[in-house]
Structure formats: C-alpha cells, structure tokens
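Colleague: I am new to this structure and would love a close look at one part of it. Could you take me through the metal site and then show me what lies around it?

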Amino acid sequence: MVENIKILGIETSCDETAAAVVTNGSQIESSVIASQIELHARFGGVVPEIASRAHVEAIYPVVTQALEQAKIKPADLDAIAVANQPGLSVALIVAVTAAKTLAFALDKPLIAINHIHAHLQAAMLAEEKIDLPAVALIVSGGHTSLFDCESALDLKLMGSTIDDAAGEAFDKVAKILGLPYPGGPSIEKTAKNGDPKAIAFPRSMLDRDSFDFSFSGLKTAVLYYCQGQDMKGENKVASMSEKEIADIATSFQAAAVDVLTIKTIRAADYIKAKTVLLGGGVAANSALREQLQKACDETDRKLLIAPRHLCTDNAVMVASLAYHKYKAKQFADLALEPKASY
Ligand code: KG4
Ligand code: ZN
C-alpha cells in the first residue's frame with residue numbers, strides 16, 4: 001500500500017506564526033507564514049509580549065489557510081505537530097495550545113518538535129539518503145550550534161555560542177549602522193557595495209579544540225569602530241558615506257562567515273564527516289552559502305543547504321521532521337508544555 005501520511009505543522013517560537021501541511025515528510029501541500037516584522041521593526045528586535053499577542057490573533061486564520069491551501073479536511077490529517085522548544089515561552093504557548101486543542105478535538109496523535117532540529121530538517125528535505133557521518137550548522141537569530149548528525153532524529157550537540165547567536169550579531173550590527181530590521185538581509189544587501197578587507201574585525205576562534213562560538217566581541221569591535229574606543233564619542237555612522245557603511249557591513253559579514261566556515265570544517269574533520277548540513281535564518285546569507293560551499297568542495301564533502309525560503313522560520317520544517325517521529329511512533333501527550341531552552 002502506498003503510504004500517504006499528512007501532517008499539519010504549527011510554529012510560533014519567535015516572530016512568525018506559521019502552519020503547513022506536508023505529505024510523507026517532503027511533499028509540501030501548503031505553507032502559510034504571517035510575519036510580525038513590521039510590529040517589531042521600530043524596537044529593533046522581537047518584543048515577547050507583542051509577539052505573543054500577534055500569534056494569538058494570527059493562529060486561527062493561519063492554520064485555517066494552511067488546511068484550505070492543502071485542500072484537506074482536518075479529519076483527514078494523520079497527526080498534528082508543533083514546535084514546543086526552544087523559543088520565547090509566551091510565543092511557543094500559542095502553537096502548543098492550538099496543537100493540543102486540535103489533537104484532542106480530532107483525536108489525532110500529537111508530535112512535539114524541537115525548533116532547532118526542524119531547521120536542520122529543512123536542509124535534508126529533498127534528500128532520500130544522506131552520506132554519514134554528517135555535521136550540521138544551525139545559524140539563526142537565537143542559536144548558533146554544531147551537531148554531529150546521525151539521522152533526522154539523532155543529533156549530538158558538538159558546540160554552540162557562548163554569548164550572542166550569529167543572527168543576533170547581524171541584527172545588532174545593523175542597528176549600530178542604522179540599517180533596517182531584521183539586520184541579516186539588510187547587512188547582506190549593504191555589504192554588496194563594500195570591500196570585505198576594508199576593516200580587519202576580529203575572528204574569535206576560542207581555543208583550537210573548541211566547537212563553541214563567540215560573536216559578542218565582533219559586535220563590540222564594530223561598536224568601537226563606529227563610536228570610538230572610549231564609547232563616549234558620538235556614533236559616527238550619521239556622518240559616514242554609504243561606501244564607509246558598506247565597508248563596515250561587509251567586513252563584519254566576512255569575519256562572521258570566516259568563523260562559521262572554519263569551525264564547521266573543523267567539526268567536520270573531527271568526526272570525518274562526508275556531508276555538511278546548513279540551516280537556520282542566517283543560512284539565507286549568500287556569502288555564507290558560497291564560502292561554505294567552497295570549503296566543502298576543497299575538502300571533498302557534500303554540502304546540503306536549506307532552500308532560501310525555508311531558512312527562516314516556517315512550519316514546513318516542523319511537519320517534515322514530524323513525519324520521521326510519526327514513523328518512529330514518538331508521540332507526545334496532551335500534557336505537552338512549551339520549553340524555552342534547547
Ligand atoms: O531562523 P530564524 O528565522 O529565527 C530564529 O530561529 O532565530 O532566523 C532569523 C535570523 C535573524 O537574526 C536574521 O537577521 C537572520 O536570521 N537572517 C540573516 C539573513 N536572513 C535572515 N542573516 C544574514 N543574512 C541573511 N540573508
Ligand atoms: Zn528559527
């Protein structure tokens with residue numbers, strides 16, 4: 001019998017309300033994302049209470065639209081999946097409550113998904129089989145982590161950031177440079193007109209044996225550059241030319257991408273990885289995609305990157321990973337709670 005497992009995924013861990021229906025883990029029937037970027041833009045970052053309220057308003061229309069687009073009746077779903085960790089508790093709770101309610105009312109299995117693992121799944125979506133061992137780099141606004149990846153469900157954390165996440169550094173540096181939120185895409189756009197070697201910003205590698213990251217020193221170096229070492233001077237950005245700002249943006253991006261690439265290859269060497277996986281919001285960055293591709297080509301490894309539209313938060317990745325948990329009969333019960341930490 002041909003298998004036809006249809007799963008509804010729901011995601012509200014940060015500032016996107018998302019729902020999707022995916023068949024057999026890879027066939028996307030629908031994907032709906034309501035972004036809150038405009039609500040948070042004037043604060044230069046996500047405000048948890050505003051996010052929570054916006055999720056409450058959006059969750060019903062988003063889920064309804066995902067079912068309509070997929071042309072599926074709720075009763076024909078095989079399971080309901082939800083990202084219940086990590087993220088902002090007040091945001092996660094909205095999807096968790098919606099998923100539990102649907103699972104109870106429809107009498108369908110509930111599947112709990114780790115948001116970080118789901119980002120990784122986005123890189124594996126199109127692959128039938130992955131050459132193991134594999135190293136996975138997840139770079140987002142909240143996380144920067146390296147995993148030893150045995151399968152979609154079997155991930156061992158090798159290292160993560162000890163301070164800011166890479167995406168957070170992009171967002172904060174954009175703010176320093178007066179560029180619009182979210183910072184990642186703004187920096188990437190501005191960086192196109194600059195010289196990546198213009199300013200030698202630090203590459204924090206920590207010690208040679210570590211797979212951890214640190215981005216706060218890099219962010220502070222940009223701040224010092226713009227404001228002077230004593231931090232008492234005025235932010236000089238207002239009087240800088242577009243070229244000067246572009247030089248800072250691209251020099252910062254080059255430093256961040258160098259660290260991410262070198263550490264990923266270091267981790268890949270350590271576990272003798274044949275494959276490298278890249279996912280998360282920052283994986284949309286062209287400089288990172290290109291540099292990691294070059295490093296993988298040079299070390300004879302296959303690189304799998306999430307398609308650009310599935311790098312930032314979405315529910316396709318949640319419903320897709322849930323298929324593997326469905327097959328492994330890893331179900332959650334209705335006592336499922338959101339969990340802020342990884
Ligand atoms: O995965 P995501 O949507 O949310 C979290 O799970 O955090 O990632 C959002 C992050 C933001 O920090 C955003 O600035 C960054 O991803 N980002 C980028 C790019 N697009 C999004 N960073 C660098 N270059 C980009 N093109
Ligand atoms: Zn994310």
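Modeller: Happy to; here is the zinc site, followed by the domains, the core and one helix.

This is a predicted model, in which local features need pLDDT of at least 70, side-chain atom pairs count only at pLDDT 80 or more, and totals for chains, interfaces and linings use all residues. Residues are numbered from 1 along each chain as its sequence is written, chains are lettered from A and ligands numbered from 1 in the order in which they are written, and side-chain values use heavy atoms, with hydrogens and water left out.

Let's start at the metal. H115 (NE2), H119 (NE2) and D313 (OD) coordinate the zinc ion (ligand 2) at 2.0 to 2.1 Å. Donors here are N, O and S atoms within 2.8 Å of the metal (3.2 Å for Na, K and Ca); water is not among the atoms, so sites may look incomplete. The arrangement is irregular, because the 4 donor atoms subtend angles of 95 to 137°, and four donors count as tetrahedral only if all angles lie between 85 and 135 degrees, or as square planar if opposite donors are over 155 degrees apart and all others between 65 and 115.

Along the sequence, the donor residues follow the spacing H-x3-H-x193-D. H115 sits in helix α4 (residues 115–124) and D313 in the loop between β10 (302–305) and α10 (316–327), so this pair ties together parts 198 residues apart in sequence. Helices (H or I, at least four residues) and strands (E, at least two) are DSSP runs, numbered from the N terminus. H115 is buried, at 5% relative accessibility, and D313 is buried too, with a relative accessible area of 12%. Buried means under 20% relative accessible area, with a 1.4 Å probe and protein chains only.

Now the wider setting. The protein is divided into domain 1 (6–120 + 311–327) and domain 2 (130–306), with bounds from an automatic or database domain assignment. Their centres, taken over C-alpha atoms, are 27 Å apart, and 18 residues of domain 1 are in contact (heavy atoms within 4.5 Å) with 20 residues of domain 2.

The largest nonpolar core has 87 residues, including I7, L177 and F252. Such a core is a set of buried Ala, Val, Leu, Ile, Met, Phe, Trp, Tyr and Cys residues joined through side-chain atoms within 4.5 Å. Helix α8 (residues 242–270) gives the largest share, 12 residues. Both domains give residues to this core, so it lies between them.

Finally, in α3 the buried residues include A91, L92 and V94, and their cover includes β1 (6–11) and α2 (48–70).

Note on methods
Buried means under 20% relative accessible area, exposed over 50%, partly exposed in between (1.4 Å probe, protein chains only). Four donors count as tetrahedral if all angles lie between 85 and 135 degrees; four count as square planar and six as octahedral if opposite donors are over 155 degrees apart and all others between 65 and 115; anything else is irregular.
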